[in-house]
Structure formats: structure tokens, C-alpha cells
Amino acid sequence: MTFPKRNKNQLIGSIGQTFFQHFVNSELNCIYHPINQENDFGIDGYIELVENEYVTGRLIGIQLKHGNSFFKSQTNGGYKFIGENKHLNYYLNSQSPVYIVIMDEGFKRMHWVQFELDKTSPYGANGWWMEVPKGNLLTSNFIYELFQTSGPIVDYEEQIKLNWAIDGLLHDSKFRIVAIPKNEILTGSYEYLTSFIERLSKNKDMLIKSRSTLDIFFPEYDEDDREIFQIPEIMTWLKNSIEIGIPWFYFLNTQKKSAGITLLMHSFCKKINIYEKDRGYLVEFDKNDLGQFVEQNYINLNTYMEINNLSLKINKEISSGIFEYLKKNLQEI
């Protein structure tokens, strides 16, 4: 009679995986997640780090080699591990650090090295090698190395609570004001603004509720004697925001006089005349610029609504609100 046969290499590999899983759990007090052999393309498993009995979610990739043959090629500092070129891109694209572990058949010699491209050298036509130092002992300094590589374990509980609290306030508010940091203006960055918009659009319900509710101001310029529309760097920042596609018409408030829409017009349009009136100013904008201002912002609005799969009904509602706002307020700016 004939039966399926397990060869010696398969047996040695299986014993190595079993030993290493036991070692990670019992000696390192961490968790080992082995990869099924049919899905093993260069990573044999992942160590999930556990700190003070808390499972952290930090993963370390392991390439495990078990057998006396891995100790035959010695170097001045340790042992020569030989790999195939096809694994280089695989390791380098891994989002987890990768460690190579070698163990002899009797588990008397067990060493490790972190895979790093700078540590590799070519070997033959289709291979590479790197040194596994004798001083890197699995039983002494391995766990310390893993935590050093992974970096600090962060408790995000307070940040989570704060994040949800802010989201709750934004969701329940009928009117929202975003304070643009001065550093954003000076560096020409839109990271803070886009992050705020992403928060307002984290789900469809929040996004719909946020339409036509926003205004902007620049608190760090409060001590500046100039009016906001007289500060060149703010005007440049606002004009560029239109050109890069910020969907101002979707978010800016149109229920009452909006500083945001007014300042955007100041940034985009040439001023024909400026008259002082009471405590403010009466501004006459270039009509061609004003037409381009409306057109570009409607393009940004339509693009944003298409990306977010918002209804034509909402589009018409917002467009109508913008039109009525401009019709009512242009003579008063």
C-alpha cells in the first residue's frame, strides 16, 4: 500500500514553527500568528506585541528558518543567511518590520536579524545574503529589540473621546466657524482646512447636514490694523483655495451675511472702486472677474457633489442659495 509521505524538510519546518509559536507565547508573552504554508511567500508568521497583558496591535513579520544547514556558512560576526531576490521587494513593501530568525535542529543556537536593505549584499545570479550576528540571541535580547523597533505603544483613549466629542458638537451645530491658522496662510498649506472638511464629510448624514453652514475667520490677524481683504497673503491663500478646488459654495453659509463668501470675492476679483461707508466699505468688483469667480466655484461645487454622490435636489438648493445671497449682498459689500 502507498500513502502520502512527509519529507524531512517538511517535518523540520513544522517542528520549527511549533517551537517558535510556543517560544513567543511562553517566553516573550506575545502572540504568534503563523501563516498557512500555502500562503507563505516569504513571511512565515507575525508576532503581535503584548505589553502588560494588553494586546497592542503592533505586528512584526518573521521569516523563520529551522535546520542545521543555516549555520554552515559562517562569517566573522555570525552566520550568512542567503535569500532569493524575489523576496527583496516583498520585504521592502511590508508595512511591518521583518525579522529573519534561524534555529538549529536542537534549538541550541537561535539568532535573529532585522531585514534592512543596507545590510544585504548580492549572492550569485539571483540571490542576496546578510549576516545574522552571533550576539543577537533569541533568548536574551530579542523581545527588547522588537519593542524598540515598533516604537512607543500609544494609548489613544483620550484622543478617541475628544475626537468623538468634537464630532458630536459639529453634528449638532446649525452654524460652524473654522479658524484658519496663520501658519497655513504663510506656508500656503490647506492641510488644516481639508482635514476639517473631511471631518464634516465623514459620513453622508454629516455631509448633508453640514451644507451651507460654514464660515471662516483668521483669529491670529485680529491685532492687525488692516482689514482682512487688505492682507495680501490671506487673499493669495483664498484665491489659490478656489483654484485647487476647495468646494466653498457647498459649505459656506448663505443664510446671513458670510465673511467667507465676501473674502473669497475680494481675493478673486479686481476692485474697480472702494468707498468707505459707515463702519465698513462699499466695493465695486470687476464684472468679468466676478463672473469667473461664480463659474469656477460652481465647477468646484458640482465636482464635489459628483464625487460624493449627492442628489441634484441638494445641488439646486445650494445653487439657489448662493444665487440669492449674491443677488442680495453684492450691492452692500
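The following paragraphs lead from the overall form of the chain to two of its loops.

The structure is a predicted model. Its chain contains twelve helices and twelve strands. Measures of overall extent come next. The radius of gyration of the chain is 31 Å, whereas a compact globule of 333 residues would have one near 20 Å. The C-alpha trace spans about 95 × 45 × 40 Å along its principal axes.

Burial and contacts add to this picture. Of the 333 residues in the chain, 39% are buried. Among contacts with a separation of 6 or more, 64% join residues that lie 24 or more positions apart. The chain has an accessible surface of about 19,900 Å², and carbon and sulfur atoms contribute 49% of that surface.

The first loop to consider connects strand 8 (127–133) with helix 3, and Asn136 is located there. Asn136 counts as buried because its relative accessibility of 15% falls under the 20% limit for that class. When neighbours within four places in sequence are set aside, Asn136 contacts Met110, His111, Trp112 and Val113, together with Asn141.

The second loop lies between helix 3 (142–150) and helix 4 (157–172), and Tyr156 has its place in this loop. The relative accessible area of Tyr156 is 43%; Tyr156 is therefore classed as partly exposed, since that class covers values between 20% and 50%. Tyr156 also belongs to a nonpolar surface patch, which it forms with Val154, Ile160 and Trp164. Together, the four residues of this patch present about 430 Å² of accessible area.

Key:
Residues numbered from 1 in each chain as written. Predicted model: local features only at pLDDT ≥ 70, side-chain atom pairs only at ≥ 80, totals over all residues. Heavy atoms only, no water. Patch = residues over 30% accessible without salt bridge, like charges linked within 9 Å, V, L, I, M, F, W, Y side chains within 5 Å. Areas by Shrake-Rupley, 256 points an atom, 1.4 Å probe, with all protein chains shown as cover. Salt bridge = Lys/Arg side-chain N within 4 Å of Asp/Glu carboxyl O. Helix = DSSP H or I, 4+ residues; strand = E, 2+ residues; numbered from the N terminus. Buried < 20%, exposed > 50% of the residue type's maximum accessible area, 1.4 Å probe, protein only. Contact = heavy atoms within 4.5 Å. Rg over C-alpha atoms; globule rule 2.2 N^0.38 Å.
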